[in-house]
Amino acid sequence: MIVWLASYPRSGNTMLRTILKQAFDLQSYSKYNDTQDIGANPEVAAAVGHVNYEGDWETHYKDATRSDDWVAVKTHNPPDDDQAAIYVVRDGRSVCVSYQHYYESFGNQQRSLPEIMLGVTPFGSWSDHLDQWQPLDRPNTLLLRYEDMVSQPAETVGKISEFLRQPPARAFENRFDQ
């Protein structure tokens with residue numbers, strides 16, 4: 001069964017994946033396979049718990065859905081189904097500024113801050129994304145705030161543990177910039 005790791009870009013999905021790997025020994029896939037991003041660097045992929053799937057997305061999706069174990073899958077897209085999800089939200093102002101910096105550094109494209117705020121991105125706007133996922137109303141969805149993940153990692157691990165009904169294997173040591 002899939003547990004979606006959903007967020008708008010630059011909201012803390014990589015940190016969530018790192019927590020899942022470090023505290024729960026849970027590896028995660030990306031819907032996009034990220035072979036040129038996190039998956040391109042074996043050291044980063046190992047720290048984040050990123051693994052690439054073989055073949056095409058549709059086959060992997062069907063196999064993951066049928067699995068008896070949790071199959072964690074990162075996405076920035078709108079929901080594909082009603083399977084379990086952990087949705088990470090970050091202050092929209094911080095997200096937009098971070099996304100603009102991302103475009104300047106890695107995106108090979110230019111986006112102005114107003115364009116990002118208006119949703120001139122592959123994933124639309126921050127607020128549209130939040131509206132599509134409806135994490136407060138969506139069944140079987142855990143809502144995590146990025147700011148809490150950074151400032152209260154032990155509480156975050158506890159919430160994830162309760163949601164997944166799985167005890168952590170070890171404590172999470174936050175190495176992210178605060």
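**Notebook: L143, the cores and strand β1**

I started with L143, which at 29% relative accessibility counts as partly exposed. This is a predicted model, so I am reading coordinates from a prediction throughout. The cut-off matters here: buried means under 20% and exposed means over 50%, so the 29% of L143 falls in between. L143 is in strand β5.

Next I asked what L143 touches, not counting residues up to four places away in sequence. I found Y87, V89, P135 and L136. I also checked the distance to I86, which is 57 residues away along the chain. The C-alpha atoms of L143 and I86 are separated by 6.0 Å.

**Loop before β5**

Then I went back to the loop between α6 (126-133) and β5, where I looked up Q134. Its phi is near 45°, a positive value in a residue other than glycine. Most residues other than glycine have a negative phi, so I noted this one down. Q134 counts as partly exposed because its relative accessibility is 35%.

N140 lies in the loop between α6 and β5 as well. Phi of N140 is near 55°, again positive and again not a glycine. With 45% relative accessibility, N140 also counts as partly exposed.

**Helix α1**

How many residues does α1 have, and how far does it reach? I got 12 residues, 13-24, and 16 Å from the first C-alpha to the last. That is close to the 16 Å expected at 1.5 Å a residue.

Is α1 mostly covered or mostly open? Mostly covered: 10 of its 12 residues are buried. The buried list isn't just greasy side chains; N13, R17, T18 and Q22 are among them, along with M15, L16, I19 and L20. A23 and F24 are on the list too. Just after α1, I noted D25 with a positive phi of about 55°.

**Cores**

Which residues touch the most other members of the largest nonpolar core? Out of 23 residues, L16, L20, I86 and I160 do. I then listed the elements giving two or more residues to this core: β1 (2-7), α1, β4 (84-89), β5 (141-145), α7 (146-151) and α8 (153-164). Helix α1 gives the most, with 6 residues.

I followed up on L20 by leaving aside its neighbours within four places in sequence. What remains in contact with L20 is L5, D25, L26, I160 and L164. There is also a second, separate core of 13 residues, which includes Y53, A64, V71 and A85.

**Strand β1**

Last stop was β1, where 6 of 6 residues are buried. Which residues sit on each face? I have I2, W4 and A6 on one side, with V3, L5 and S7 on the other, and both faces are covered.

For the pairing, I find β1 and strand β3 (residues 71-75) running in the parallel sense over 5 bridges. β1 and β4 also pair in the parallel sense, over 5 bridges. I used W4 as my marker: it stands opposite V73 in β3, and its bridge partner in β4 is A85. A85 had already turned up in my notes as part of the second core.

Key
Residues are numbered from 1 along each chain as its sequence is written. This is a predicted model: local features need pLDDT of at least 70, side-chain atom pairs count only at pLDDT 80 or more; totals for chains, interfaces and linings use all residues. Side-chain values use heavy atoms; hydrogens and water are left out. Helices (H or I, at least four residues) and strands (E, at least two) are DSSP runs, numbered from the N terminus. The expected span of a helix is 1.5 Å times one less than its number of residues. Buried means under 20% relative accessible area, exposed over 50%, partly exposed in between (1.4 Å probe, protein chains only). A nonpolar core is a set of buried Ala, Val, Leu, Ile, Met, Phe, Trp, Tyr and Cys residues joined through side-chain atoms within 4.5 Å. Contact means heavy atoms within 4.5 Å. Two strands pair if DSSP finds at least two bridges between them.
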